[in-house]
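Okay, thanks for coming, everyone. I'll put the structure up on the screen, and then we'll walk through a few pieces of it.

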Amino acid sequence: MEIYILLGFVLILSIYLGLELISKVPSTLHTPLMSGANAISGIALVGALVLGSDTQLQQALAFLAVMFASINVFGGYLVTNRMLKMFKKK
Amino acid sequence: MSFFENISSIQNIIYIFSSILFISGIKMLGKEDTAVRGNFLSALAMFIAVSVTFINVINPILVLVGIGIGAIIGSLIALKVKMTSIPEMVALFNGFGGLATFFIAWSEFNSIPSNNFQYLLVMITTYIGGVTFSGSVIAYGKLSETLKVEKSSIITKLFTTLFYISIIYLLYSIFITKIFSPGFDFYTILLILTLLGGVGFVIPIGGGDMPVVISLLNSFSGIAAAFAGLLLLNNVLIVAGSLVGASGLILTIIMAKAMNRSIGNILFVGYASSSSTSKSEETGEVKPINVSDAYLILENASSVLVIPGYGMAVAQAQHVVRELGELLEANGTEVRYGIHPVAGRMPGHMNVLLAEANVPYDVLVEPEDVNPSMDTVDVAVVIGANDVVNPSATEEPGSPIYGMPIIEVHNARTVFVLKRSMSSGFAGVQNPLFFKENTRMLFGDAKESIGGLVTEFKE
């Protein structure tokens, strides 16, 4: 139980940190921020890598999780980069 | 044994490093000058976290195959997609992230959770991940206009009911099944109900409310990853997931504020029933104008404000709009673009479209910056926007959109409204702007009308 309290602490602090960091984002960056954040949520890939694989079902689930998280990661970062490159100053 | 413990502590130290990069990355993503570098830093953080986890993966070849397939599909979509389809692409990628956490939770359920708290986490992660996935797929369908369901149809009602049932079933799964283990396979039912529930969550939400839903689903995918992190006792998942959850939440709040509505009202009530009495039956003459007369007025204007809306995206008019803007500037006119936060179908939709057409972002202004000086604007050109310029929001208590911050174009000297027909906007509210003394309606396809103006200028 101890470990969950510790990790819960990390969770709360990170959410608070996130809210503070992003609270004043200009509207120009709303879409790139969303798409960039979306790429970060592909961090589920790390979770997918450490899954157990005792049964065939688990192996299949781990494989699918890795694949879909990878689509999220690669697609998310590339599309964000492509979008940001379009924004130009006068 | 000590070797493995060493690896695990090295991994955890590197996770801390990776978390720092994620935090700096998302911070830099919030400022124009540093955004590209911010995105790169966060990609680097991802690469480091994945690489260091890969060291002790059980089945490296299978994993590499999975990553390879994902990389190819993801990159192809990201590089091939047209910039105008960005909203639905973001929704789709978001859904895939949710699906990954859904599978993670499912797999963890099968490795038999060791304590009650883990059991609870499995259920919650399953639910949030699943709802993110199926909800995002529906959002994708709505944004790409491949899915059209009436809000009042029987299908919508059925799925909305399923959404509520899924929540009740989730609570049942969390609290009851551990104590009285049911004789049936309750978890499979949870998996199915979760996916159906996600459909029911998004399906009743109208097109104009899409920016809010997309931001919220974005937030969910982060929260799902953070919960998966708790489940797997993995720090970097928690930190990165929470950051995404927070950024999605902020965008959701910004969008809801821009509509002057609560998030609950947007998700569960919608415009139709929020106010049934809007008797602003506007009776008056609309004053149409043709392209050549519009040209004469524009040619003599010294300050022009362009207000784009979803109609510009539909007509694909952003390139001719930019061309017209350049011609006006060459003519000595000051041109600015008034961007309302909820114009379009996703947060920042108009900004992306205009950026694609090479409009520099420093001539884009937000409502609160441009409203005080609106009376100095000679011509406000409204292109396919409706509710975000509806003066009922400031003048008519009782209107469903009363109190919503708008771009007050009715205070400009002249207003051109480019519109296909006299239909009302997503809120279903008639727009008194069309009947104002200083308003001229330029009917027709926005791209053709502006193209006509461009030709006039060139001659």
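**Two helices and an interface**

Let's start in chain B, with helix 8, residues 210–232. It has 23 residues, and from first C-alpha to last it reaches 33 Å, close to the 33 Å you'd expect at 1.5 Å a residue. Before I go on, a reminder that what you're looking at is a predicted model.

So, how many residues of helix 8 of chain B are buried? The count is 23 of 23, so to speak mostly covered. Then look just past the end: right after helix 8 of chain B, L233(B) takes a positive phi of about 55°.

Now let me zoom out to chain B as a whole. The secondary structure there comes to 18 helices and 6 strands. Taken along the principal axes, the C-alpha atoms of chain B fill a box of roughly 80 × 45 × 35 Å. Chain B has 459 residues, and 52% of them are buried. On contacts: if you take those in chain B between residues at least 6 apart in sequence, 78% join residues at least 24 apart.

Okay, next helix: helix 3 of chain B, residues 60–80. This one has 21 residues and spans 30 Å from its first C-alpha to its last, again to be set against an expected 30 Å at 1.5 Å a residue. Which of its residues are buried? In helix 3 of chain B they are V63(B), G66(B), I67(B), G70(B), G74(B) and A78(B). Those residues sit on the same side of helix 3 of chain B because they cover an arc of only 95° around the axis. As a refresher, an α-helix has 3.6 residues a turn, so residues three or four places apart point the same way. Over on the other side of helix 3 of chain B, I61(B), L79(B) and K80(B) are exposed.

And what do the buried residues of helix 3 of chain B pack against? They pack against helix 3 and helix 4 of chain A.

That takes us to the interface. Here, 76 residues of chain A are in contact with 95 residues of chain B. On the chain A side, helix 1 (2–22), helix 2 (30–40), helix 3 (44–49) and helix 4 (56–86) each supply at least two of the residues that touch chain B. The largest share of that side, 27 residues, comes from helix 4 of chain A. By class, the side of chain A that touches chain B has 48 nonpolar, 23 polar and 5 charged residues.

That's my tour, happy to rotate things around.

Methods
Residues numbered from 1 in each chain as written. Chains lettered and ligands numbered in written order. Predicted model: local features only at pLDDT ≥ 70, side-chain atom pairs only at ≥ 80, totals over all residues. Contact = placed C-beta atoms within 7 Å. Helix = DSSP H or I, 4+ residues; strand = E, 2+ residues; numbered from the N terminus. Nonpolar A, V, L, I, M, F, W, Y, C, P; charged D, E, K, R; others polar. Buried ≥ 20, exposed ≤ 12 C-beta atoms within 10 Å, placed from the backbone. Expected span 1.5 Å × (residues − 1). Arc of directions from axis to C-beta.
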